[in-house]
Structure formats: structure tokens, C-alpha cells
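Open the structure in your viewer and keep the sequence at hand. This tour goes stop by stop, with something to select at each one.

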Amino acid sequence: MGKKGDLSHSERGMVVGARRAGLSISQSAQLLGFSRTTISRVYKEWCEKGKTSSMRQSCGRKCLVDARGQRRMGRLIQADRRATLTEITTRYNRGMEQSICEATTRTTLRRMGYNSRRPHRVPLISTTNRKKRLQFARAHQNWTVEDWKNVAWSDESRFLLRHSDGGVRIWRKQNENMDPSCLVTTVQAGGGGVMVWGMFSWHTLGPLVPIWHRLNATDYLSIVSDHVHPFMTTMYPSSDGYFQQDNAPCHKAPIISNWFLEHDNEFTVLQWPPQSPDLNPIEHLWDVVERELRALDVHPTNLHQLQDAILSIWANISKECFQHLVESMPRRIKAVLK
């Protein structure tokens, strides 16, 4: 007896082809190995509906969350990115005739492209400072990597003996990592540990200076005269170098501004937009130091050991690492413009 039931797409095509070639139902059944009933039904469906596909693709359990339900779930995510799986499920089920479980919610969210991830931490930026960042980006949007090689980058950073990882998670799609609703804002604050000041350029790493108390204008003047000045005059003897610093109060003190004015024939101070650590590649070097500290087999147990470890890690950062960071500046500028 020939094959009965639904046929595959290719088998249906063979039936239609045989009948259109002039073979009878019996001849087609004998040639293809299908029952005459199947040959007759398949050819009739093709003649009346142009159908050559099988109904097998519609088999299986019906999806509990249809397109309309996905739109509803998407609105719930947009309204509260930090909602837990339980909260999303509960809110979705309100007013619905058929409830779903958390497993269905998780499956639906993944089908929609959402995954639970930790939010990126970014500084809280005021409207005024956003405008200043945009002005800086527009003024430097035509700078090439060669231009950025003439900049020496500087910053302070604090490293702690003990670390605390945030536990906040949010729901987002792969391309939403910098969406405002997917971010956790941070503010600058102090803490226990070792504070250091450092600088570097595309050409070389600069000095790393430990700071054992709150940095004031007098202390910073010593850093500028003892470390910044010799670095800039050595690296940029043609006076075409730019020195970058952020807008910390001690950096803007009158004695600091006057010192830079007295030496403006040797290098230029880059006018830096406020609240822009994302534009400063040295921030990524601090991340390198932080990761290396956490990866140590024997962790520092006091501040002096921590300082020694930081200085050692800094001295061993590869040239490829910091040069790649400087070469990323055109992309950083484009990101601000975007």
C-alpha cells in the first residue's frame, strides 16, 4: 500500500509534476509509491488553492504569547527596566484571560531579544555640561589619530583594598547598552585606599605619583612642575603638544592657571569639557590596573603593599594597550556626536 497522510513540500511537488506530465492517478501512485487517494487529494489541492506545502509546520503547541502579547511585554520592559522576572510576569498577567508562568516570560523575552544584564555606570551629566561636551566633540571631529598623538592625558584615581560589586540588573536588548533607561548613574566620591596621579601619551607611559592626602592646588603645582613640565618638553620638543586635565577645583586654581600661562610657549592646555571621563583614554588604563589588582594571587593587605602593586602594574602596561586607547579617540568623538 502506498504512503498516506501529509507529504513533504518536495513530495507534493513530485505529485503535481507527475499529474501535469499526463500520468493518471494510478500511474502516478505506482511511480511515486503513494496511495491513489493521496495523489488525488494533493493534485486537487494544487488545482484549487495552488497549495504545495505541508500542514506539518503548524503542528505543535500554540505559543501562549502572540505578537500582541509581545508588544504588551515590551511596554512593561520600557516602563521599568529593573523589574524582576516575577514582577514582569505578575504585571503581564493582570487583566489577561490566560496567565503565563515565569519560564514563559523568560522564553518570550529572549525571543524578543532581551537579556538580563548589569547596567553600564555613567556620570550624571547636567544639560549645560552636555552642551559643552557636544561643543568639544564638534571642535575636534576632524582630528585624526596623528593629531591625538600630540595629547598627553592625565587623571587621578583611587584604588581600594576591598571591593564591592553592584547587584543591580536590568532588561535590555544587545544594542541598548547606552540607552538612558539602561544606565546606573554614579557620582565622584572618596573612600579608603591609595590615590594616584598619572599621565601618558601615545608615545609612552608617564609617571605615576602616589597621593597620600587630599590633593590641593599647592600639591598639584608640584606635580605640574616636577612631572608634567619635563614630560611635555621631552615628548614634544617642537612645542606642539597638548596637556589634558579634567576640571577638578585644584586644576583650575589661579596659581595653576598662571603657571600654564607662563609656559604656554612650550605646550598648550587642552580645553576639556566637564564630566567627560568617557573621552579620557586614561580611564581604561585605570581599569587595567584594577583588573590586574583583582587577579593577583596574593592580594595586598595594607596600603603600602597596595601602592607597590599599583606602581608595578602601571610600569608593565604594554605599549600596544595604551596606543590602542589613543587610537580610539576619533570613535569616542563620534559617539558623543551621535
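In which loop does Gln275 lie? Select Gln275 and look to either side: the loop runs between strand S9 (268-269) and H11. Before going on, note that this is a predicted model.

**Stop 1: two residues with positive phi**

Stay on Gln275. Its phi is positive, about 50°, although Gln275 is not a glycine. Is Gln275 buried, partly exposed or exposed? Its relative accessibility is 31%, so Gln275 counts as partly exposed.

Now select Ser239. This residue sits in the loop between helix H9 (217-235) and strand S8 (242-243). Ser239 also has a positive phi, near 65°, and is a residue other than glycine. Ser239 counts as partly exposed because its relative accessibility is 33%.

**Stop 2: the whole protein**

Zoom out and colour by secondary structure. The protein has 14 helices and nine strands. Now colour by accessibility. Of the 338 residues, 39% count as buried. What share of the contacts between residues at least 6 apart in sequence joins residues at least 24 apart? That share is 77%.

**Stop 3: H1 against H2**

Select residues 9-20, helix H1, and residues 25-32, helix H2. Their axes come within 10 Å and cross at roughly 135°. At that angle, H1 is therefore oblique to H2. The crossing of H1 past H2 is right-handed.

Show the side chains where these helices meet. From H1, pick Met14, Val15, Ala18 and Arg19. From H2, pick Ile25, Ser28 and Leu32. By class, this contact has five nonpolar residues, one polar and one charged.

**Stop 4: Arg20 and Cys47**

Move to Arg20, also in helix H1. Arg20 counts as exposed, because its relative accessibility is 60%. Which residues does Arg20 touch, not counting those up to four places away in sequence? They are Tyr43 and Trp46. Draw a C-alpha to C-alpha distance from Arg20 to Tyr43: it is 9.1 Å, across 23 residues in sequence.

Next, select Cys47, in helix H3 (residues 36-49). Cys47 has 46% relative accessibility, so it counts as partly exposed. Draw another C-alpha to C-alpha distance, from Cys47 to Val16. The two are 9.1 Å apart in space and 31 residues apart in sequence.

**Stop 5: Thr105**

Select residues 102-111, helix H6, and find Thr105 there. Is Thr105 buried or exposed? Thr105 counts as buried, because its relative accessibility is 0%. Now show what surrounds it. Beyond its neighbours within four places in sequence, Thr105 is in contact with Met73, Leu85, Ile88, Thr89 and Ile100.

**Stop 6: the largest nonpolar core**

The largest nonpolar core has 34 residues. Which of them touch the most other members? Select Trp148, Trp153, Leu285, Ile310 and Trp314.

Then colour the elements that give two or more residues to this core:

- Helices H7 (127-139), H11 (282-294), H12 (303-315), H13 (319-327) and H14 (329-337).
- Strands S3 (151-159), S6 (194-200) and S7 (205-211).

Which element gives the largest share? It is H11, with six residues.

Centre the view on Trp153. Leave aside its neighbours within four places in sequence. Its contacts include Trp148, Gly198, Met199 and Phe200. Gln244, Trp272, Leu279 and Asn280 are also among them. So are Pro281, Ile282, Val326 and Met329.

Another core lies apart from this one. It has 22 residues, among them Ala152, Ile211, Trp259 and Phe267.

**Stop 7: H11 against H13**

Go back to H11 and add H13. How do these two helices pass each other? Their axes come within 9 Å and cross at roughly 145°. H11 passes H13 in a right-handed crossing.

Finish with the side chains. H11 brings His284, Leu285 and Val288 to the contact, and H13 brings Cys321, Phe322 and Leu325. By class, five of these residues are nonpolar, one is polar and none is charged. Leu285 is a familiar pick here: it was among the core residues that touch the most other members.

Technical notes. Residues numbered from 1 in each chain as written. Predicted model: local features only at pLDDT ≥ 70, side-chain atom pairs only at ≥ 80, totals over all residues. Heavy atoms only, no water. Axes fitted to C-alpha atoms, helices over the stretch in contact; angles between N-to-C directions. Helix = DSSP H or I, 4+ residues; strand = E, 2+ residues; numbered from the N terminus. Parallel < 35°, antiparallel > 145°, perpendicular 65-115°, else oblique. Left-handed = near helix turned anticlockwise from the far one by under 90°. Contact = heavy atoms within 4.5 Å. Nonpolar A, V, L, I, M, F, W, Y, C, P; charged D, E, K, R; others polar. Core = buried A, V, L, I, M, F, W, Y, C linked by side-chain atoms within 4.5 Å. Buried < 20%, exposed > 50% of the residue type's maximum accessible area, 1.4 Å probe, protein only.
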